[in-house]
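This report goes through a protein model from single residues to overall totals. The sequence and structure come first.

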Amino acid sequence: ILLMRIFLKTLSCALLTLAFAPVFAADENGEIDALESSRTTFSGFGTIGGVYNSIAKEAGFARTINQGDSTLGQAFSMRPDSRIGVQVNHRLTPELSLTGQLVLRDQDDNNLNKVISRAFVHWRASPDLRIRFGRFGDATYLMSDYQDVGYAYPWARPIETTYGILPIHHFDGVETSYNLPGEASAWRVKGLIGKINSDIFLKDDVSYDLQSDGPAFGFALIREEEASKIWLGYATFKLKKDNE
């Protein structure tokens, strides 16, 4: 786990450096190639949201179980839904690229390891096969890969009964994605293996450190046709320690 964290932090720092060092190329006439100059891209997203709670004296509001009790006693708070993210992409070759993403959100602990939301190497091994190594989103839920991007869903926030009880924002490991042949519709299958490390707020300054004992496995089958999408996912892992 320590080697994986060192790799993720090193990759994120390298990507942030590359963001300020774009690569330019000239054609045979000396003209700058616009596509080549965009080998490194820097982007971001953010959401500002407010929550009003009429029973704030008795109970605070939390968007997910990773968040603490910072809203307890506050009738209005902008902490649960507000967040900001920055992302760096660097294309090494047409088949190989690097991606890093930092997200600041209200959670029990905002150390560097928790702020690094994505940090992976992406390899397009063939037109249908893609492999990611590093830190990436959970592939087993429909919105897991973009649940922090507020304008990507039509509600105020993802459905709490599903995503509010999910303490997992990312996996550290390897993910493969393969496009299955199809005519009218597009089929894709994903598989992942990795480690999980997350926090679940309990009370006051006490939280449960959720870690997988050994590798976690995940699988997803995705079908897309025009505006419709069907996503079937499954993940399994064993807890490293019980909550005491």
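Is Glu-226 buried or exposed? Glu-226 is exposed, and its relative accessible area is 82%. The model is a predicted one, and the values below are computed from it.

Glu-226 sits in the loop that runs between β12 (216-225) and β13 (228-236). Its phi is positive, about 55°, although Glu-226 is not a glycine. Most residues other than glycine have a negative phi.

**Accessibility of selected residues**

| Residue | Location | Relative accessible area |
|---|---|---|
| Glu-226 | loop between β12 (216-225) and β13 (228-236) | 82%, exposed |
| Met-78 | loop between β3 (76-77) and β4 (83-91) | 40%, partly exposed |
| Ser-97 | strand β5 (residues 96-105) | 16%, buried |
| Phe-171 | strand β8 (residues 171-180) | 1%, buried |

**Surface patch**

Met-78 belongs to a nonpolar patch on the surface, together with Ile-48, Tyr-52 and Phe-76. The accessible area of these residues together is about 520 Å². Met-78 counts as partly exposed because its relative accessibility is 40%, and partly exposed covers values between the 20% and 50% limits.

**Core and buried residues**

The largest nonpolar core has 11 residues, among them Phe-120, Phe-136, Phe-171, Leu-192, Ile-196, Ile-200 and Ala-216. In soluble globular proteins, nonpolar side chains tend to be buried together.

Phe-171 counts as buried because its relative accessibility is 1%. Leaving out residues up to four places away in sequence, Phe-171 touches Gly-134, Arg-135, Phe-136, Asp-138, Leu-192, Lys-195, Ile-196 and Ala-216. Phe-171 and Lys-195 are 24 residues apart in sequence, with a C-alpha to C-alpha distance of 5.8 Å.

Another core member is Ile-200. With neighbours within four places in sequence set aside, Ile-200 is in contact with Ile-65, Pro-167, Ser-207, Tyr-208 and Leu-210.

Ser-97, in strand β5, is buried at a relative accessible area of 16%. Beyond its neighbours within four places in sequence, Ser-97 contacts His-90, Arg-91, Leu-92, Phe-120, Val-121 and His-122. Phe-120 is also listed in the largest nonpolar core.

**Totals**

The protein has 4 helices and 13 strands. Of its 244 residues, 39% are buried. The exposed area of the protein is about 13,800 Å², of which carbon and sulfur atoms supply 59%. Where contacts link residues at least 6 apart in sequence, 55% of them join residues at least 24 apart.

Terms used: Residues are numbered from 1 along each chain as its sequence is written. This is a predicted model: local features need pLDDT of at least 70, side-chain atom pairs count only at pLDDT 80 or more; totals for chains, interfaces and linings use all residues. Side-chain values use heavy atoms; hydrogens and water are left out. Patches are made of residues with over 30% relative accessible area and no salt bridge: like charges are joined within 9 Å, nonpolar side chains (Val, Leu, Ile, Met, Phe, Trp, Tyr) within 5 Å. Accessible areas come from the Shrake-Rupley method with a 1.4 Å probe; for residues, only the protein chains shown count as cover. A salt bridge is a side-chain nitrogen of Lys or Arg within 4 Å of a carboxyl oxygen of Asp or Glu. Helices (H or I, at least four residues) and strands (E, at least two) are DSSP runs, numbered from the N terminus. Buried means under 20% relative accessible area, exposed over 50%, partly exposed in between (1.4 Å probe, protein chains only). Contact means heavy atoms within 4.5 Å. A nonpolar core is a set of buried Ala, Val, Leu, Ile, Met, Phe, Trp, Tyr and Cys residues joined through side-chain atoms within 4.5 Å.
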